[in-house]
Amino acid sequence: MPFPYVDERVFMEECEKEGMLVTVKKEVDWNLEVGAIARRLAELGIGRAVREGGRPAVLFENIRGFPKGFRMAAQILGGIDRVAKVFGYKGEDLNKAKSDLQQVIRDGLNNPIKPIRVDRKDAPCKQNKMEGDDVNLYKFPAPMLHDGDGGRYMVTRAVVATRDPDSDWVNWGTYRAMLIDKKTLSGLIVPGQHIGKIYRKYEERNEPMPFAIAIGIDSISFLAGATGVPYGVSEADVVGGMRKKPLPVVKCETNDLEIPAYSEIVIEGIVPPGLRAWEGPYGEYTGYRASPRDRRPVYIVKAITYRNDPILTFVSTGVPVDETLGNAIINSAMAAEVLERAGIPARVWEQVDSGACMFVIAVKRPTPNIATMIKNTLTSQMGLITNYTFKFLIVNDDVDIYDSNKVLWAIGTRVHPRRGIIISDEVCGPLTPYASLDERLKMNAPHVTFDATWPLDWHPSIAVPPVASFKSIYPQEIQDKVLENWKEYGL
Amino acid sequence: MAIYETFILQDPSEIPEGKEYVLEIRDSETYETRVVKAVIDKSPKKSIESDLLRVRWQRGMPLPELWAIKIIEEVGAVSDNLKYTE
């Protein structure tokens, strides 16, 4: 097994061999058609493995209006089978992978490995180059993903690299950006995000912020960029930890940022201070086009390098589940780590069916006000993620948090309407669907915590209702008898 | 007859009618955005001199009717109008 994969191409080839990726040879249109195909795949697959009724990843080889060789790919991690594969997971039970992989990720977080720099001549992403007046973003099949989006979102499955001007910290984050014209993009940069904090420092100095956008990167780098790696920690190091091997990186052409050497397309340039252009709207992973169109920072492109036969990767985000599955596993792992360090051992699942908007947390040993304690711990230690994951459901450890039906059952049956619903004013992101337009612009909206734990003063044998399930309410001998005779019942 | 697109934030009255007005429009084929000076007619009559303008709310939903747009002058690419120099 070739884990860790050298690049996304090798990973996709391996997926295709195992029926987890389909290459589409028929001509397709970058204008809405590829977005619609990827969206339908996501909605039919809902994160399942192909062998369990899910849908494959897709590689488009023939794009209308573009020369042979310019390709696009989507839904790469749209199923649990690909998420498991990209981390080298060997287990057979893919549902168990949702919890097992969290430990793999926590190990990677706690044991980072620095990237290894390769010479430019050895970096595939340097095979082609356009610079200065030759820069033309329209050379690439940047997709119009949803009808009515603010523009062609070329940057949805990528990392944007920026350097903290006060340290050596380089942040890789996934931030959407759309084409304005052939050498300009505008992007959503939220002040609370790491890139927002870095950009603010440049703006205070009235200096442009150098950037590099790497598209078509390996999936582990993408996931690291799209999740809440702590402030001040370089995602490249965490990627190395999760790969268990250094990630090859290469220096940019016009600045000293380093990006994955096997990127398919690299866009370099500056984000000037104080400059704004229209950005959005865009159909987001929550399933809504919620963030208001607004004046947002501008990426001015100075150079583009790209591989021969480049693959423009994208996510046609929308109603869950799409590629949020992998992010959910990493965010859950980080939340579990944060809680453990706070002395609260718990299992965590960022519920992807909720649009990745709700953390479900099963506590092993509830204490007084445990729900509030957990919410406060996560919002203070994982502020960025909880700007977007704004609902918390705290349950006892008997609930299968990975099973959406069981989660709904817990909400329906265990949350007391008076004492079990805790509302708090928090920072929210502009994508928050339930927030008013004004709240979204000001990025301030209430969060809610559902306390579905049984009250500690309820006697376990008197007040706590016993669960009436096959496994819990029948004696073991009856269960064994029923299972033994199941076929004889004709069932 | 070309079709262009533009966005409004709150109210169609943000774009004045019948007088020269500078606005960003995007090509409905490539989505490349540029700045133009134009005159808008919100109740377009068939005119060979005007192109059509699809107006979208800030969440992307289009107004039910296309407007007419007569481009008077090309002001340039968006990046040319951002007033940033290094």
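**Exercise 1. Describe the secondary structure and overall dimensions of chain B.**

Chain B has 0 helices and 5 strands; helices (H or I, at least four residues) and strands (E, at least two) are DSSP runs, numbered from the N terminus. Residues are numbered from 1 along each chain as its sequence is written, with chains lettered from A and ligands numbered from 1 in the order in which they are written. This is a predicted model, in which local features need pLDDT of at least 70 and side-chain atom pairs count only at pLDDT 80 or more, while totals for chains, interfaces and linings use all residues.

Step 1. The pattern of chain B along the sequence reads β-β-β-β-β.

Step 2. The principal-axis spans of the C-alpha trace of chain B are about 45 × 30 × 25 Å.

Step 3. A compact globule with 86 residues would have a radius of gyration near 12 Å, and the 13 Å of chain B agrees with this. The radius is taken over C-alpha atoms, and the globule rule is 2.2 Å times the number of residues to the power 0.38.

Step 4. Of the 86 residues in chain B, 22% count as buried. A residue is buried if 20 or more other C-beta atoms lie within 10 Å of its own, exposed if 12 or fewer, and partly exposed in between, with C-beta atoms placed from the backbone.

**Exercise 2. Determine which strands β4(B) pairs with, and in which sense.**

Step 1. Two strands pair if DSSP finds at least two bridges between them.

Step 2. Strand β1 (residues 3-7) of chain B runs parallel to strand β4 (residues 51-56) of chain B, and 5 bridges join them. Within this pairing, B:T6 has B:V55 of β4(B) as its bridge partner.

Step 3. β4(B) is also joined by 3 bridges to strand β5 (residues 67-77) of chain B, in the antiparallel sense. Here B:D51 has B:I69 of β5(B) as its bridge partner.

**Exercise 3. Give the corresponding global description of chain A.**

Step 1. Chain A contains 14 helices and 21 strands.

Step 2. Its C-alpha trace spans about 75 × 55 × 40 Å along the principal axes of chain A. For 491 residues, a compact globule would have a radius of gyration near 23 Å; the value for chain A is 23 Å, which agrees.

Step 3. Buried residues amount to 54% of the 491 residues in chain A.

Step 4. Among contacts in chain A with a separation of 6 or more, 72% are between residues 24 or more positions apart. Two residues are in contact if their C-beta atoms, placed from the backbone, lie within 7 Å.

**Exercise 4. Locate the largest nonpolar core relative to the domains of chain A.**

Step 1. Domain 1 (79-314) and domain 2 (342-470) make up the domain assignment of chain A; such bounds come from an automatic or database domain assignment.

Step 2. The C-alpha centres of these two domains of chain A lie 30 Å apart. In contact are 15 residues of domain 1 and 20 residues of domain 2 of chain A. The domain 1 side comprises 5 nonpolar, 8 polar and 2 charged residues. Ala, Val, Leu, Ile, Met, Phe, Trp, Tyr, Cys and Pro count as nonpolar, Asp, Glu, Lys and Arg as charged, and the others, Gly among them, as polar.

Step 3. A nonpolar core is a set of buried Ala, Val, Leu, Ile, Met, Phe, Trp, Tyr and Cys residues joined through C-beta atoms within 7 Å. The largest has 154 residues, and A:A161, A:A214 and A:V266 are among those with the most contacts inside it. Helix α8 (residues 324-341) of chain A supplies the largest share of this core, 10 residues.

Step 4. Both domain 1 (79-314) and domain 2 (342-470) of chain A give residues to this core, so it lies between them. A second, separate core of 9 residues includes B:I25, B:A38, B:L53 and B:I69.

**Exercise 5. Establish how far helix α6 of chain A is enclosed.**

Solution. In helix α6 (residues 219-226) of chain A, 8 of the 8 residues are buried, so the helix is largely enclosed by the rest of the structure. Among the buried residues of α6(A) are A:I220, A:F222 and A:L223.

**Exercise 6. Characterise the contact between chain B and chain A.**

Step 1. In contact are 18 residues of chain B and 20 residues of chain A.

Step 2. The chain B side has 9 nonpolar, 5 polar and 4 charged residues.
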